[in-house]
Every structure is written in structure tokens, then in C-alpha cells.
Amino acid sequence: MTETNSVEKAGILRRLASLVYDGFLLFAIALAYATILLVIRILLLGLDSATHHDPNLFSQWLGFIGLYASLAGYYYVCWRKQGQTLGMKSWRIKLQGYGGQPATPNQCIRRCLFAIPSMACGGLGFLWCLLPPKRACWHDLASTTEVIMVAKQNG
């Protein structure tokens, strides 16, 4: 695991600002997902039955897992395509492996899975990036990735 000192790691404020920015896109994805579920329910049960249908526990968990997969899919596609989500682009930060290479599919999946406990523990996993020497969040450490600053482009 070799780290280069030439890249500056992104601080917590940029990370959180990027997360808030992406939150608007995630909200739109969640609405689209809910709309698709509603249309499927109406097609299967009919309009009257769909409005009074009380889903069982299995259906609720299946819906939740689908929602999580669609939200994590946004991050996965963005990180694999260019290492940045729209929020990350706006705040000039980028995800990469320790050697500067793009994040692998396995790293992206691990990052999405470990972001849940990072946030669920009162944000402690995110605050971990304030501690030296690594200055990395839990999901950075678990996925062997880092979030770095991107130089401002002229023009």
C-alpha cells in the first residue's frame, strides 16, 4: 500500500458538501424508484386494491433492498465511470485507489456497503477522517480507496 504525498486528501467539509449536493440527486432517484414500485403495484393489483394494499414484511424488505441498490448504483456507476459523482465534481474531489488508479468494482461495492455503518454510528465513520495519520473515513479504509482534491482547471 503506497501512498503518494503529491495528492491532497479531501477534508470532511468538502466530503459532506458533496454528500449534500448528491442528496438532491438521490432524492430524485428515490422518487423514480417509488414511482416504478407504485406503477407495478397498480398493474398487478389494480388501482383500487393497490391503494388499500398492506405489504407484508418480505415485500417491505424487498422494496428497501431495491431502493438501496438503486441509490448505491448511482455511486457505483459514477465512481467506475470517472471517479466522481456530480457533487464530487462540484466540490473538486475524486475517488481513487491508493496508487492513483480508478476504483475497482469490488472497491466500489465495499465502499457502498461500509458507508452504512459510517453514517449509522452517528457519523463517526465520517469523522474518522479527522484523525491522523491516515485521515480516512471507515469506508475509505474498508475499500482501500481515498478521496483526493482535484486541481482547478483553467478555462
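This is a short tour of a predicted model, with a selection to make at each stop.

**Whole chain**

Start with the protein chain in cartoon view, coloured by secondary structure. It comes to 7 helices and 2 strands. Followed from the N terminus, the elements run α-α-α-α-β-α-α-α-β. Along the principal axes, the C-alpha atoms fill a box of roughly 60 × 40 × 25 Å.

Switch to a surface view. The accessible surface is about 9900 Å², and carbon and sulfur atoms account for 69% of that area. Of the 155 residues in the chain, 29% are buried. Of the contacts between residues at least 6 apart in sequence, 72% join residues at least 24 apart.

Next, colour the charged side chains. There are 14 positive and 7 negative ones, and the centres of the two sets lie 10 Å apart.

**Select D140, R15 and R111**

The structure holds 2 salt bridges, and R15, R111 and D140 are linked in a network of them. Show these three residues as sticks.

D140 forms a salt bridge with R15, with 2.7 Å between the closest N and O atoms. This pair links distant parts of the chain: D140 is in helix α7 (residues 138–143) and R15 is in helix α1 (residues 12–45), 125 residues apart.

D140 also meets R111 in a salt bridge, at 2.4 Å from N to O. Here the link is between helix α7 and helix α5 (residues 105–120), with the partners 29 residues apart.

Are these side chains on the buried or the exposed side of the cut-off? D140 counts as buried because its relative accessible area is 1%, under the 20% limit. R111, at 5%, is buried, and R15, at 9%, is buried too.

**Select T85**

Move to the loop between α3 (57–82) and α4 (86–90), where T85 is found. T85 has a relative accessibility of 1%, so it counts as buried. Which residues does T85 contact, leaving aside neighbours within four places in sequence? They are S18, D22, Y74, Y75, C78 and W79. Add these to the selection to see the surroundings of T85.

**Select L124, L127, W128, L130, L131 and L141**

Return to the surface view for the last stop. These six residues form a nonpolar patch on the surface, and together they have about 510 Å² of accessible area. Within the patch, pick L124, which is placed in helix α6 (residues 124–127). L124 counts as partly exposed because its relative accessibility is 40%, a value between the 20% and 50% cut-offs.

Technical notes:
Residues are numbered from 1 along each chain as its sequence is written. This is a predicted model: local features need pLDDT of at least 70, side-chain atom pairs count only at pLDDT 80 or more; totals for chains, interfaces and linings use all residues. Side-chain values use heavy atoms; hydrogens and water are left out. Patches are made of residues with over 30% relative accessible area and no salt bridge: like charges are joined within 9 Å, nonpolar side chains (Val, Leu, Ile, Met, Phe, Trp, Tyr) within 5 Å. Accessible areas come from the Shrake-Rupley method with a 1.4 Å probe; for residues, only the protein chains shown count as cover. A salt bridge is a side-chain nitrogen of Lys or Arg within 4 Å of a carboxyl oxygen of Asp or Glu. Helices (H or I, at least four residues) and strands (E, at least two) are DSSP runs, numbered from the N terminus. Buried means under 20% relative accessible area, exposed over 50%, partly exposed in between (1.4 Å probe, protein chains only). Contact means heavy atoms within 4.5 Å. Lys and Arg count as positive and Asp and Glu as negative; His and the chain ends are not counted. The place of a charge is taken as NZ of Lys, CZ of Arg, CG of Asp or CD of Glu.
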